Amino acid sequence: MTKPTLGAMPSVSPSSRGLPPLHPFLPWAQRPHRRRFSHGQAAAITAVIASALTLSGCAESSPERSTDDRGDERPLVLTTFTILEDITAQVGGDRVDVETIAPAGAEIHEYDPTPSDLRTAAQADLILSNGLGLEAWYDRFLDQVEAENVTLTQHIDPLPVTSLPGHPEAGEDLPENPHAWMSPTVAQDYVTAAEEALSELSPEDAEYFAKNAAEYRAELQEIADDARERVEQLDSRAHLVTCEGAFSYLTEDLGLQEHYLWPVNAGTEGTPQQIEAQTQYVIDHEVPMIFCESTVNDAAQQQVAETADAELGEPLYVDSLTGPDGDAPTFLELLRYDIERILDGAEAGNPGTQETS
Ligand SMILES: [Zn+2]
C-alpha cells in the first residue's frame, strides 16, 4: 500500500476535535489523553486517517473539517470567566489558545451561557472553571459538553463567606466563598493548577508552562508583599466594606476586617435589613470609605454611604476584568487597582499614615 503524502492530506490531524474519544466511558483521569501521541504515533495515525478519507473519497466534504473552524492548530482552552482566562493565558503563553465563556464585564455567578458558548465549548480541548459554587450555571453547561473540565481551586483551602455578627444572614449556614483569586497569595495556587492542567494537555510544553507559571507566581507574591507592608503602617485595623462578601480571602491575606451588604451575588441583594446592618457598622467603626463592585448595582451601597456619612469609592473589580482600556484589563492590574483603592480608603481613616505633603 502506498503511503499518502503530506501534501495530499486534508487538515485532519490526530488532535482533531472531530475524532471520537478513544474510551468515552472512562472518566478523564483514566482516559489516555488525545494529545499524548508521540510524533511517530501521530504520523502513523494521521496516515491511516488520510488514507481512509482518500479511499472513501470524502476528503473535501469531511464533517471532521468543519468542526474545527478556528483556523488555529493550538489546543483550545476555554475558561469560565475573564480572570481565569488571563491566569491561564499567562501560563500558556503562545502554546495554547485561551478563551473565556463569560465576557469582560459580565456577572459570573448567574451567567446565562449562549448557543455560541456551547458551539465554542464543543471545540474545546479543556475547560477550566473556578468551582466552589461560583458558576451556578456550570453543571448544566457541562452536561452538554464533552471536553474535560479541571477546577482551578483544587489546591486551595476554601474559606466560608466571612460570618458577620448582627448581619441579617448571620444565623444561616454561610457557603464556601468562591472568590479565592482575590488573595494574591491564594491566586498562586490557581497558577499552579493551570500549569498542571496545561502540562497534562500538552506534555511537550511542560517546561515552558512551568517557567511562565513561576514568573507569574513571583509577580503575585510581590503584590502580596507590597500590600502587607502598607497595611503594617496603618494605626488601626482597617475595614473593607463592600456590596458582595467577596473579599474573605483578601482580608484574611492582608489582615483587614470585612463587612458586606449581601454574602453572595446569587442571593438577595440590598434588602432594608442588609442596608441597616451595613450602615450601623460603618457608623460604629467610623469607616471613611466604602466600596461596591463593578458587576453589581451600587444603589444600596450609595444609601449606606449617605446615611453613614461615608464616601463611596470607585468600583472595585472582582468577578470580571475590564476591557483593554479599563482600570483592570489584566488580573495583576485588577489586584493592584483594588488593593490601591482599598488601602487609600483605609489610610483616609488613619490620620498617621496620610501624606503630609
Ligand atoms: Zn462574586
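Asparagine 265 sits in the loop that links β6 (257–262) to α9 in this predicted model. Despite its place in a loop, asparagine 265 is buried, because 21 other C-beta atoms lie within 10 Å and the cut-off for burial is 20 or more. Once residues up to four places away in sequence are set aside, asparagine 265 touches Glu107, His109, Glu244 and Val296. A further pairing across the sequence is with aspartate 319: the two residues are 54 positions apart along the chain, and their C-alpha atoms are 10.0 Å apart in space.

Some figures for the whole chain help to place this residue. The chain holds 11 helices and eight strands, and 39% of its 357 residues count as buried. Among contacts with a separation of 6 or more, 62% join residues that are 24 or more positions apart.

Helix α7 offers a good route into the helical part of the model. This helix covers residues 206–232, and its 27 residues reach 39 Å from the first C-alpha to the last, close to the 39 Å expected at 1.5 Å a residue. The buried residues in α7 are Phe209, Asn212, Ala213, Tyr216, Arg217, Leu220, Ala224 and Ala227. What lies over them? The cover includes α3, α6 (187–201), α8 (248–254) and α11 (331–348). Three of these partners, α6, α3 and α11, are taken up in turn below.

The axes of α6 and α7 are 9 Å apart and meet at an angle of about 175°. Angles over 145 degrees count as roughly antiparallel, and α6 and α7 are therefore roughly antiparallel to each other. On the α6 side, the contact is made by Ala187, Gln188, Val191, Thr192, Glu195, Leu198 and Ser199. Facing them in α7 are Ala206, Phe209, Ala210, Ala213, Tyr216, Arg217, Leu220 and Gln221. By class, the residues of this contact divide into nine nonpolar, four polar and two charged. Among the α7 residues in this contact, Phe209, Ala213, Tyr216, Arg217 and Leu220 also appear in the list of buried residues of the helix.

Helix α3 (residues 82–92) approaches α7 in another orientation: the two axes come within 7 Å and cross at roughly 125°. The pair is therefore oblique. Gln90, Val91 and Gly92 of α3 make the contact with Phe209, Asn212, Ala213 and Tyr216 of α7. Four nonpolar, three polar and no charged residues take part. Phe209, Ala213 and Tyr216 of α7 belong to this contact and also to the contact with α6.

The link between α7 and α11 can be followed through leucine 343, which lies in α11. Leucine 343 counts as buried, with 22 C-beta neighbours inside 10 Å. Leaving out neighbours within four places in sequence, its contacts are Ala227, Arg230 and Val231; of these, Ala227 is one of the buried residues of α7. Leucine 343 also has its C-alpha atom 8.2 Å from that of alanine 238, although the two are 105 residues apart along the chain.

An annotation overlaps this region. In an unreviewed entry, UniProt places the feature "coiled-coil region" at residues 210–237. In the model, that span is 82% helix and 0% strand, and its end C-alpha atoms lie 38 Å apart.

Back in the loops, glutamine 154 is found between β4 (148–151) and α6. Glutamine 154 is partly exposed, with 13 other C-beta atoms within 10 Å. Its C-alpha atom is 9.9 Å from that of threonine 192, 38 residues away in sequence, and Thr192 is one of the α6 residues that meet α7.

Two loop residues deserve a look for their backbone angles. Most residues other than glycine have a negative phi. Glutamate 286, however, has a positive phi of about 45° although it is not a glycine. Glutamate 286 is found in the loop between α9 (272–284) and β7 (289–290). Is this residue buried or exposed? With 12 other C-beta atoms within 10 Å, glutamate 286 is exposed. Aspartate 309 likewise has a positive phi, near 55°, and belongs to the loop between α10 (299–308) and β8 (311–312). Aspartate 309 is exposed too, with 11 other C-beta atoms within 10 Å.

Technical notes. Residues numbered from 1 in each chain as written. Predicted model: local features only at pLDDT ≥ 70, side-chain atom pairs only at ≥ 80, totals over all residues. Axes fitted to C-alpha atoms, helices over the stretch in contact; angles between N-to-C directions. Helix = DSSP H or I, 4+ residues; strand = E, 2+ residues; numbered from the N terminus. Parallel < 35°, antiparallel > 145°, perpendicular 65-115°, else oblique. Contact = placed C-beta atoms within 7 Å. Nonpolar A, V, L, I, M, F, W, Y, C, P; charged D, E, K, R; others polar. Expected span 1.5 Å × (residues − 1). UniProt positions renumbered as here; feature names shortened; annotations may be inferred.
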